[in-house]
Amino acid sequence: MIKLTWALVGEHMDEWTGDDVTEGLAVLEAKVSAGVDASGMQESAVRQWRTDFLTPVVESLRAEGMGALARGESWSKAAGPFLACASPVA
């Protein structure tokens, strides 16, 4: 079991718990994207936010985080105002 939490600094915090990291990534991307889309930012700012903040965190979770979780370790990554953490749940 894995617990994935994320925060948009000063805006929103959420979490997901389950067995499949790929599912957790999909939930994280969908919920964060929905929040950013609803933020009122111009489309160019939304694209830049995704490129500069969301994508690096998601790619790190796929690359390093999945390996850490498989070893029973925690993982975290921040990019600008976005932070995500994943931990095994006993």
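Strand 1 (2–8) and strand 2 (12–18) form a hairpin with three residues between them, where strands are DSSP runs of E with at least two residues and helices are DSSP runs of H or I with at least four, both numbered from the N terminus. In the turn of this hairpin, Gly10 has a positive phi of about 75 degrees. The model is a predicted one, in which local features need pLDDT of at least 70 and side-chain atom pairs count only at pLDDT 80 or more, while totals for chains, interfaces and linings use all residues. Residues are numbered from 1 along each chain as its sequence is written, and side-chain values use heavy atoms, with hydrogens and water left out.

The two arms of the hairpin run antiparallel and are joined by seven bridges, two strands being counted as paired if DSSP finds at least two bridges between them. Along this pairing, Lys3 stands opposite Thr17 in strand 2, and Leu8 stands opposite His12. Strand 1 is also joined by seven bridges to strand 4, again in antiparallel fashion; here Leu4 faces Ala86 and Leu8 faces Phe82.

These pairings belong to an open sheet of four strands, whose order is 2-1-4-3 and whose pairing is antiparallel. Strand 2 and strand 3 (75–79) stand at the edges with a single partner strand each, so one side of each is left without a neighbour in the sheet. From one strand to the next the twist averages 10 degrees, where axes are lines fitted to C-alpha atoms, for helices over the stretch in contact, and angles run from 0 to 180 degrees between N-to-C directions.

Helix 1 packs on this sheet, touching strand 1, strand 2 and strand 4, and its direction makes about 20 degrees with that of strand 1; contact here means heavy atoms within 4.5 Å. Helix 2 lies across strand 1, strand 3 and strand 4, and runs at about 165 degrees to strand 3.

Helix 1 itself comprises 17 residues, 21–37, and spans 24 Å from its first C-alpha to its last, close to the 24 Å expected at 1.5 Å a residue, the expected span being 1.5 Å times one less than the number of residues. Its buried residues are Val21, Gly24, Leu25, Leu28, Val32, Ser33 and Val36, where buried means under 20% relative accessible area, exposed over 50%, and partly exposed in between, with a 1.4 Å probe and protein chains only. These buried residues cover an arc of only 155 degrees around the axis, which puts them on the same side of helix 1; the arc is that of the directions from the helix axis to the C-beta atoms. An α-helix has 3.6 residues a turn, so residues three or four places apart point the same way. The buried residues of helix 1 pack against strand 1, strand 2, helix 2 (43–70) and strand 4 (82–88).

At the N-terminal end of helix 1, Asp20 acts as a cap, with a side-chain oxygen 3.0 Å from the backbone nitrogen of Thr22. Glu23 also lies in helix 1, but is partly exposed, with a relative accessible area of 44%. Glu23 and Ala84 are 61 residues apart in sequence, and their C-alpha atoms are 15 Å apart in space.

Strand 1 is mostly covered, five of its seven residues being buried. Thr5, placed in this strand, is buried with a relative accessible area of 17%. Not counting residues up to four places away in sequence, Thr5 touches Asp14, Glu15, Leu83, Ala84 and Cys85. The C-alpha atoms of Thr5 and Val57 are separated by 12 Å, although the two residues are 52 apart along the chain.

In helix 2, Ser60 is buried, with a relative accessible area of 8%. Apart from neighbours within four places in sequence, Ser60 is in contact with Gly65, Trp75 and Lys77.

How values were computed. Polar contact = N/O pair within 3.5 Å; in protein donor to acceptor, adjacent residues only side chain to side chain.
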